[in-house]
Amino acid sequence: MRDAIYLDYNASTPIDGAVLDVMQPWLTSAFANPASHHLPGRMAHAAVDDARARLAELVGARPGEIVFTSGATEANNLALLGALSALPDNRRRIIAPLTEHKAVLEPLTWAQDHGYKIELLPVAPDGLLDLDQLAATLGDDIGLVTVMLANNESGVIQPLARINELAHQAGAITHTDATQAAGRLAIDLDALDVDMASFSGHKMYGPKGVGALYIRRGIRIEPLMHGGGHERGLRPGTLNVPAIVGMGAAAAIARTRLAADVQHFAELIDHLHDKLVIAGCAPIDIVSPSSGAAGPPRLANTRNWRFAGADADAVIANAPTLALSSGSACTSSVPGPSHVLRAMLADDEAASECVRISVGRPTTRSEIAEAAALLAAAVNRVRDLTHPDIPTDATAATTPAGALA
């Protein structure tokens, strides 16, 4: 029996059955170390190279530009701290938006504690970075600019090609956390002109515990760990062949399914919005709150909706058979609204009333219809308890679901 309707695919996705099938031999019989020179070792090495090529094909890179890691957090740390240690002394200033994932912000905090100057730029209420402000902030002391391609909480897609153009004109190198974008958005790293990009296997229906860092040819970074010289000397340690093979298989599947997935996600989000409207509990779209406004491009599977007068954590507690979130899973233990919502809304009360919904491949229309009823009931229950003076539908907005990427 199903425990819950899962609507938190930005936190994690299930391993695709075909991915698991591909991984199985490398977990049992084909166990050789890919650094070994005998036949089983060479076979494992070839499987890793094949996975590298598959991921490179998904994101518009060359296989030799892909370094496998234990996940996107390690990839972000390797990119940021590895690049900083390779920067010249006159370029010790780093720029990032306030809405970056903690796996970017925390390494930058470490860098600040060690003498680098970190500037976190605000975003507009729709989540977009102000390009004029970015251009005004850039200077000849900028070493690195890092901007997430698609935000994990809002789904907003940044104009990364233009951001990278401005950064490169100032002489900086660039990085993007592309964890949420891979498999949900067509990515061409060459066209984006980004120098480094981070990815994770478990966000694209692959296994947990594996990720990758794209490092454009010619970009120099220093390793964070030292050992046996694996992965071009940038990431020592015996390679996790089953997980790497799984990530490669997941990338290949994502590439063939991308268009169909995006359409499926968009239809589900529209269906959920329509059902909530019918239930008298229409959400306020925080990215595009004005009626008829399209808003910025964003991931088709992701919406962050505000239910005014209903605390998000209370709503989630009152809908125990719905798997929802009020922010990033990586910061769920931190009390209060997420830093992303605070940066966008500049209002803690509004930010505390936002629920992130992210659909996935397994999500069905019948689940969406059931989820809408459960969510509307939970919202109204919380409103009745905490704001009995507010009529059930008084805060309902009739905005469309918003532009779908």
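Contact here means heavy atoms within 4.5 Å. Keep that in mind as we walk through this predicted model, where local features need pLDDT of at least 70, side-chain atom pairs count only at pLDDT 80 or more, and totals for chains, interfaces and linings use all residues. Residues are numbered from 1 along each chain as its sequence is written, and side-chain values use heavy atoms, with hydrogens and water left out.

**Stop 1: Val147**

Select Val147, in the loop between strand S5 (142-146) and helix H6 (160-169). Helices (H or I, at least four residues) and strands (E, at least two) are DSSP runs, numbered from the N terminus. Leaving aside neighbours within four places in sequence, Val147 is in contact with Pro97, Glu100, Leu129, Gln158, Leu160, Ile163, His175, Thr176 and Asp177. Pick Thr176 from that group: it is 29 residues from Val147 along the chain, with 5.1 Å between their C-alpha atoms. Val147 has a relative accessible area of 2%, so it counts as buried (under 20% relative accessible area; exposed is over 50%, partly exposed in between, with a 1.4 Å probe and protein chains only).

**Stop 2: the seven-stranded sheet**

Now show the open sheet of 7 strands, in the order S2-S8-S7-S6-S5-S3-S4, with mixed pairing. Two strands pair if DSSP finds at least two bridges between them. Strand S2 (66-69) and strand S4 (117-121) are the edges, each pairing on one side only. From one strand to the next, the twist averages 20°. Axes are lines fitted to C-alpha atoms, for helices over the stretch in contact, and angles run from 0 to 180 degrees between N-to-C directions. Add helix H4 (residues 102-113), which packs on the sheet and touches strand S3 (93-97), S4, S5 and strand S6 (173-177). The direction of H4 makes about 145° with that of S4. At the S2 edge, 4 bridges join S2 to strand S8 (residues 211-215) in antiparallel fashion, and Val67 stands opposite Leu213.

**Stop 3: Gly155 and the cavity**

Return to the loop between S5 and H6 and select Gly155. With 0% relative accessibility, Gly155 is buried. Not counting residues up to four places away in sequence, Gly155 touches Ala150, Pro297, Arg298, Leu299 and Thr302.

Ala150 also helps to line the largest cavity, along with Thr99, Glu100, Gly127, Met148, Asn151, Ser154, Val156, Gln158 and Met344. On a 1 Å grid over the protein atoms alone, a cavity is a set of points where a 1.4 Å probe fits but cannot get out, and lining residues have an atom within 4 Å of a point. The structure holds 1 cavity of 30 Å³ or more, and the largest has a volume of about 60 Å³. Grid points are joined across faces, edges and corners, and the volume is the space filled by probe spheres set on the points.

**Stop 4: the three-stranded sheet**

Next, display the open antiparallel sheet S9-S10-S12. Its edges are strand S9 (284-285) and S12. S9 and S10 pair over 2 bridges, with Asp285 partnered by Trp305. Strand S10 (residues 302-306) is joined to S12 by 5 bridges, and Arg303 stands opposite Ile357.

Finish on S12 (residues 354-358): 5 of its 5 residues are buried, so the strand is largely enclosed by the rest of the structure. Cys354, Arg356 and Ser358 point one way, Val355 and Ile357 the other. Helix H8 (residues 241-278) lies across S10 and S12, at about 20° to S10.

Technical notes:
On a 1 Å grid over the protein atoms alone, a cavity is a set of points where a 1.4 Å probe fits but cannot get out, and a pocket is an open set with protein on both sides within 12 Å along at least five of seven lines; lining residues have an atom within 4 Å of a point.
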